[in-house]
Amino acid sequence: MAIDLTENYFDLFSLPLDFDIDVDALGRKYRSLQQEVHPDRFAASDAQAQRVSVQSTAHLNEAYETLKDPLTRGFYLLELKGIGSGAHEYTTSDGAFLMQQLERREELEGIGQADDPFDALDALRDETHRDEQAQMETFRTAWAAGDYDTAYDALTKVMFIRRMLQQIDEIEERLEDELD
Amino acid sequence: MALLQISEPGMSAAPHQRRLAAGIDLGTTNSLVASVRSGVAETLPDEQGRHLLPSVVYYREDGPPLVGYEALEKADEDPFNTIASVKRLMGRSAGDLKKLGGQLSYRIADVDSNVPRIVTAAGEKTAVEVSADILVALKQRAEETLGAELEGVVITVPAYFDDAQRQATKDAARLAGLNVLRLLNEPTAAAVAYGLESGEEGVIAVYDLGGGTFDISILRLHKGVFEVLATGGDSALGGDDLDHAIAEWMLSSAGIESSDDHHLMRRFMTAARKAKEALTDADRTEIEVELADGKHWRAELTRARFAELIRPLVKKTTGACRRVLRDAGIKKDEVREVVMVGGSTRVPLVREMVGEFFGREPLVSIDPDKVVAVGAAIQADVLVGNKPDGDLLLLDVIPLSLGIETMGGLVEKIISRNTTIPVARAQEFTTYKDGQTAMSFHVVQGERELVDDNRSLARFELRGIPPMVAGAARIKVTFQVDADGLLNVSAMEETSGAQASITIKPSYGLGDKEIEAMLRDSMEHAQEDMTLRMLREQQVEADRVVEALDAALAKDGDELLSADEKADILAARDALIVARQGEDTNAIKHAIKQVEAAAESYVERRMNSNIRQAMAGHSVEEFE
């Protein structure tokens with residue numbers, strides 16, 4: 001069997017087109033579709049069937065990755081509404097938010113000098129996670145109200161926050177290596 | 001053979017419809033082939049009952065290569081033509097080889113090609129060709145044992161193998177005439193052999209201590225997906241080092257300083273290996289070695305003493321385990337199962353220290369030499385279609401990120417590591433100059449920011465872009481990775497109606513064309529080999545004719561022949577000798593016929609004279 005590559009990701013997994021989805025149901029449907037289309041099922045078939053299988057599975061994997069993460073799921077929903085699709089720049093004009101991010105970053109850069117840098121990193125990470133949750137909440141409300149510009153802005157901010165989390169991990173790794 | 005076939009409802013009971021598939025563990029030191037027979041996955045032995053096939057190939061001038069134990073025997077007398085550990089060269093460029101440096105005991109041809117070629121008596125060989133010869137030996141073993149042709153195989157590769165190494169492995173299989181159903185990560189195969197994929201979700205550690213390499217892999221099993229979280233190890237640590245530790249102790253107890261006597265050293269190493277193996281089950285063992293002066297040295301080695309000798313080596317492996325857990329971001333107590341792979345994990349101290357490190361008993365019930373091949377066979381059986389209702393589905397992830405070089409030597413990642421495969425991702429690029437009609441791409445693999453720190457997979461150029469202002473062209477680059485982790489990249493200009501696209505297959509400099517050339521080569525060589533053999537046969541035949549004729553002439557030539565008759569026969573004989581020196585099989589054949597014709601009446605006369613005995617042992621038929 002082949003997957004309809006034009007079907008939207010929510011239909012593919014038989015899910016309602018909404019931000020709040022049943023993530024367990026998504027996983028179950030993903031695995032059962034994998035059972036049907038994965039190239040391993042066509043290892044003994046002809047080249048044509050194998051090509052279709054690779055395409056279908058690649059599409060399925062992409063769809064699953066997109067819906068699994070609330071951030072990419074959010075962007076995908078907006079894309080379906082015709083917002084931010086194609087080449088887009090992730091920028092925000094929210095000065096207060098940018099200022100806060102700058103401060104966080106400065107804090108992170110100086111964290112090696114803290115009394116217990118690992119405790120300080122944990123605290124900063126918790127704080128940043130809370131920022132992310134707050135922005136996702138903003139998205140949820142804006143999406144429900146049909147305010148897509150605000151929704152898009154919230155997701156863009158999550159991109160900044162994710163980058164920050166990544167840097168926290170990198171700094172932690174470096175500090176650990178220095179201890180060895 | 002089963003006399004009665006009892007089948008579950010809905011399951012086929014027709015044994016003839018069963019498709020033959022095999023799992024192949026293509027190892028650095030040893031290789032194995034396994035298959036599922038009567039529902040049981042087991043490795044297949046050779047005629048002497050040996051399951052392991054040493055991954056060694058011996059090349060000679062006149063004849064097919066020797067593979068396995070036969071090749072191993074040649075290692076001493078002809079090291080340059082005995083190729084071992086070729087897996088270390090798979091997918092490596094000539095540049096990579098320089099980094100491996102002095103580790104290689106064979107000669108690399110100095111040609112200007114990306115692919116290093118080993119100089120042997122049978123010509124230059126690439127690592128792919130040497131591996132193909134090993135695969136052919138395994139294929140033959142499987143087909144002889146199973147009694148039919150293999151429909152497909154699963155070949156295992158280390159989890160850390162990059163795209164070029166995987167591609168090289170697939171190329172070797174193609175060259176060996178094998179249909180590869182799937183390349184499978186070795187640690188995943190070991191986990192499958194233990195049926196772990198059907199168990200609970202969690203983290204699995206696979207500890208693989210082989211003859212000359214040590215690998216530790218941390219896998220996460222999550223909803224049917226085996227994700228390789230991290231791999232580590234030591235490419236120069238293995239069972240051989242344990243033997244060395246014992247041999248050193250033996251030499252110092254025997255009061256011998258390391259000696260140049262190669263044979264003596266070999267006897268010590270052999271005795272050390274035997275002692276190591278004996279101590280798997282026994283608490284103590286007697287060691288005896290014949291010294292250079294013919295006297296015998298004897299000693300007793302206890303398991304406790306042995307443990308003391310090798311403790312520092314085993315400690316090195318648990319140190320690597322600690323590092324890899326950190327890389328994976330996993331705590332020791334999160335590891336649910338530890339799978340033991342490789343012959344050296346039979347050593348009691350290894351099991352004990354690994355068990356202590358992870359705080360749980362490692363899994364050892366499947367022979368650690370065979371466990372990878374067994375897992376591969378189980379997967380092969382499913383893939384070839386013998387278990388249509390089976391739900392074994394292994395989803396792998398790519399081990400290293402794939403990206404493209406951008407301005408300033410930076411890497412733009414297109415597909416990041418640990419993405420479930422197969423996967424396809426596209427990214428748009430644009431021109432940076434007005435009127436630009438071509439764009440070159442450099443595909444790299446690795447986690448580093450700078451291109452130079454990553455592995456270069458391929459470069460290609462997209463031409464035929466319609467001239468536009470800088471930044472107006474839209475070039476879509478698509479990366480597609482198949483279920484084996486192999487990459488295809490294509491680029492397409494899509495603004496205007498004009499489209500141009502190119503597909504490349506990165507493969508360390510060996511393109512499809514080169515592979516085909518190799519295949520053709522090997523077929524032509526088969527033809528050459530055949531021609532050569534016919535020539536040799538005719539030459540031997542010529543020698544026999546001349547020898548028999550000379551013997552007869554010496555005995556009664558002057559008696560039975562006139563001077564003219566004898567001169568005719570001798571002329572034909574000399575012509576044969578001249579032809580025999582040449583390489584023309586037909587000329588030799590013809591010259592033999594001429595001798596036979598010239599000597600026809602002579603032969604008749606000899607028979608009539610009842611002197612057949614003179615020709616006894618040389619058979620008269622030669623003159624017919």
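Let us start in chain B, where S85(B) sits in the loop that runs between β7 (82-84) and α2 (94-100). Keep in mind as you look around that this is a predicted model. S85(B) is not a glycine, and yet its phi is positive, at about 50°. Most residues other than glycine have a negative phi, and most peptide bonds are trans. With a relative accessible area of 25%, S85(B) counts as partly exposed, because that label covers values between 20% and 50%.

Chain A offers a residue to set beside this one. S14(A), also not a glycine, has a positive phi near 55°. You will find S14(A) in the loop between α1 (9-12) and α2 (23-37) of chain A. Its relative accessible area is 54%, so S14(A) is exposed, the cut-off for that word being over 50%.

Back in chain B, there is a peptide bond worth a visit. The bond from I421(B) to P422(B) is cis, with omega near 0°. P422(B) belongs to the loop between β19 (410-415) and β20 (423-429) of chain B.

From here, move along chain B to a pair of strands. Strand β8 (residues 117-120) and strand β9 (residues 123-126) run antiparallel and are joined by four bridges. One residue to pick out is V119(B), whose bridge partner in β9(B) is E124(B). How many residues does the hairpin use to join β8(B) to β9(B)? The hairpin makes the connection through two residues.

Next, turn to the aromatic rings. Over all chains, the structure holds 13 aromatic pairs. One of them brings together F268(B) and W297(B), a tilted pair with 6.2 Å from centre to centre and 35° between the planes. This pair links distant parts of the chain, since F268(B) is in helix α7 (residues 262-278) of chain B and W297(B) is in strand β16 (residues 296-302) of chain B, 29 residues apart. Both F268(B) and W297(B) are buried. Elsewhere in chain B, a lysine meets a ring: K332(B) lies over the face of F357(B), at 4.3 Å from the ring centre.

Now cross over to chain A for the rest of the tour. Chain A is divided into domain 1 (9-68) and domain 2 (87-179). The C-alpha centres of these two domains of chain A lie 32 Å apart. Chain A has an aromatic group of its own, in which F19(A), F139(A), W143(A) and Y148(A) form one cluster.

Helix α6 (residues 117-145) of chain A is home to Q135(A). Is Q135(A) buried or exposed? Its relative accessibility is 14%, so Q135(A) counts as buried, the limit being under 20%. Which residues does Q135(A) touch, once its neighbours within four places in sequence are left aside? Its contacts are F97(A), A154(A), K157(A), V158(A) and I161(A). Two of these names come up together again, as K157(A) lies over the face of F97(A), at 5.4 Å from the ring centre.

Our last stop is A114(A), in the loop between α5 (95-109) and α6 of chain A. A114(A) has a relative accessible area of 28%, so this residue is partly exposed. Along the chain, A114(A) and E176(A) are 62 residues apart, while their C-alpha atoms are separated by 14 Å.

Technical notes
Residues are numbered from 1 along each chain as its sequence is written. Chains are lettered from A and ligands numbered from 1 in the order in which they are written. This is a predicted model: local features need pLDDT of at least 70, side-chain atom pairs count only at pLDDT 80 or more; totals for chains, interfaces and linings use all residues. Side-chain values use heavy atoms; hydrogens and water are left out. Two strands pair if DSSP finds at least two bridges between them. Buried means under 20% relative accessible area, exposed over 50%, partly exposed in between (1.4 Å probe, protein chains only). Contact means heavy atoms within 4.5 Å. Rings of Phe, Tyr and Trp (its six-membered ring) pair if their centres lie within 6.5 Å; planes under 30 degrees apart count as stacked, over 60 as edge-to-face and the rest as tilted. A charge sits over a ring if NZ of Lys or CZ of Arg is within 6 Å of the ring centre and within 35 degrees of the ring normal. Domain bounds come from an automatic or database domain assignment.
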